[in-house]
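Dear colleague,

Please find the structure below for your review. A short account of what was found in it follows.

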Amino acid sequence: MTNPAVFIDGQEGTTGLRIREMLVGREDIDLLLIPESQRKNKDVRATFINKADLVILCLPDAAASDALELVHNPTTKIIDTSTTRRVSPDWIYGLPEISPEHREKISNASLVANCGCYPVSFILAVRPLVKNGLIPKDVTLTINAVSGYSGGGRKMIENYSAVSPGIRSGDANRPFSLYSLNSRHKHIAEMRKFALLDSPPMFVPSVVHTYCGMLVSIPLTSDCFVNSDVDRSQIYDLWKDAYDHLPMVRLIDPVEGDKSLRQGFLDVETLGQTNQIELSVWGDERGLILVGRLDNLGKGAAGNAVQCLNLMLGFEETMALM
């Protein structure tokens, strides 16, 4: 039996390189690598794209749209890591943990739009609460999130790498910074849709001077809930029902939550180089704080794309993933 052929269009970008590292040693696929001198040649790219059983587009939004114009083979499957198609009705949203039914849709799909990094935590943390009636669909939620600078792509990585190291070895000496303060972040549409909300959340993203890692926190004051007596254990139980059987989700029991802290701190880098997503819940009678922790290049990008690839090609879901 012939191995399926996989082509990464954008194999030299941040996400493309991570995917390439995950796939290059696998004996169950044939990884098609375009020569460096020809990777911008439209005709050569088209040949590789239409030769492949599955193509992963690791390109900016406009370039990904242009690449789709090159697809003429009706059997070629596509995973698009750009933003444009994540809420399109013609594409399946690439986050397998949403539900067993959704995972099956990904397995049977020809067109999958890989999820954004920030939405992973928000969707998985909030969706079971909305679905089970703990918070109303019309609530306006707030998200505070921080990402490693690799989330900004090659240009941001180069900018950080050009700065002399800071206090910690290998750490770029740039400040913690907020961004997208005067505009709606491109991830908000998928956050709203797949968390089952009617209203878009208020989202405050930021970048910190570490290469990879992500923390996403969602504060829920008591008036966010349909009933004011919701506690941490109820949230944890809903998450267990939804995710406890899934290989890429780690749930922190509120009773033992402090064990996940480093002297009271929840570190951003802990799940770096993995495809894990960790959910924890904190707070008291005044309100609760939902927190997701992951690698912005792992479960937030490249790792999740490989997870979707495994499902679409009929492999074990966790193949080549940690």
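**Helix H1 and its surroundings**

The buried residues of helix H1 are Thr14, Thr15, Gly16, Arg18, Ile19, Met22 and Leu23. Please note that the model is predicted. Helix H1 spans residues 14–23, and seven of its 10 residues are buried, so the helix is largely enclosed by the rest of the structure.

**Salt bridges**

A search of the whole structure gives 13 salt bridges. One of them involves a residue of helix H1: Arg18 pairs with Asp295, and their closest N and O atoms are 3.3 Å apart. This pair links distant parts of the chain, as Arg18 belongs to helix H1 while Asp295 sits in the loop between strand S13 (287–294) and helix H9 (298–312), 277 residues apart. Both partners are buried: Asp295 has a relative accessible area of 0%, and Arg18 has one of 8%.

A further salt bridge joins Lys299 to Glu97, with 2.8 Å between the closest N and O atoms. Because Lys299 lies in helix H9 and Glu97 in the loop between strand S5 (92–94) and helix H4 (100–107), the pair ties together parts that are 202 residues apart in sequence. Lys299 counts as buried at 0% relative accessibility, as does Glu97 at 2%.

The side chains of Glu317 and Arg103 also form a salt bridge, at 3.2 Å from N to O. Glu317 is in the segment after H9 and Arg103 is in helix H4, so this pair ties together parts that are 214 residues apart in sequence. Glu317 is buried at 10% relative accessibility, and Arg103 is buried at 15%. In addition, Arg250, Glu278 and Arg293 are joined into one network by salt bridges that share partners.

**Cysteines**

How many disulfides does a search of the whole structure find? The number is zero. For Cys117, the closest cysteine sulfur is that of Cys115, at 8.6 Å, which is too far for a bond, because a disulfide requires sulfur atoms within 2.5 Å. Cys117 is buried, with a relative accessible area of 12%. Cys224 is buried as well, with a relative accessible area of 10%.

**A charged patch on the surface**

On the surface, a patch of negative charge is formed by Asp229, Asp231, Asp237, Asp241 and Asp244. Within this group, Asp241 is located in helix H8, which covers residues 232–243. Asp241 is exposed, its relative accessible area being 64%.

Yours sincerely

Terms used:
Residues are numbered from 1 along each chain as its sequence is written. This is a predicted model: local features need pLDDT of at least 70, side-chain atom pairs count only at pLDDT 80 or more; totals for chains, interfaces and linings use all residues. Side-chain values use heavy atoms; hydrogens and water are left out. Patches are made of residues with over 30% relative accessible area and no salt bridge: like charges are joined within 9 Å, nonpolar side chains (Val, Leu, Ile, Met, Phe, Trp, Tyr) within 5 Å. Accessible areas come from the Shrake-Rupley method with a 1.4 Å probe; for residues, only the protein chains shown count as cover. A salt bridge is a side-chain nitrogen of Lys or Arg within 4 Å of a carboxyl oxygen of Asp or Glu. Lys and Arg count as positive and Asp and Glu as negative; His and the chain ends are not counted. The place of a charge is taken as NZ of Lys, CZ of Arg, CG of Asp or CD of Glu. Helices (H or I, at least four residues) and strands (E, at least two) are DSSP runs, numbered from the N terminus. Buried means under 20% relative accessible area, exposed over 50%, partly exposed in between (1.4 Å probe, protein chains only).
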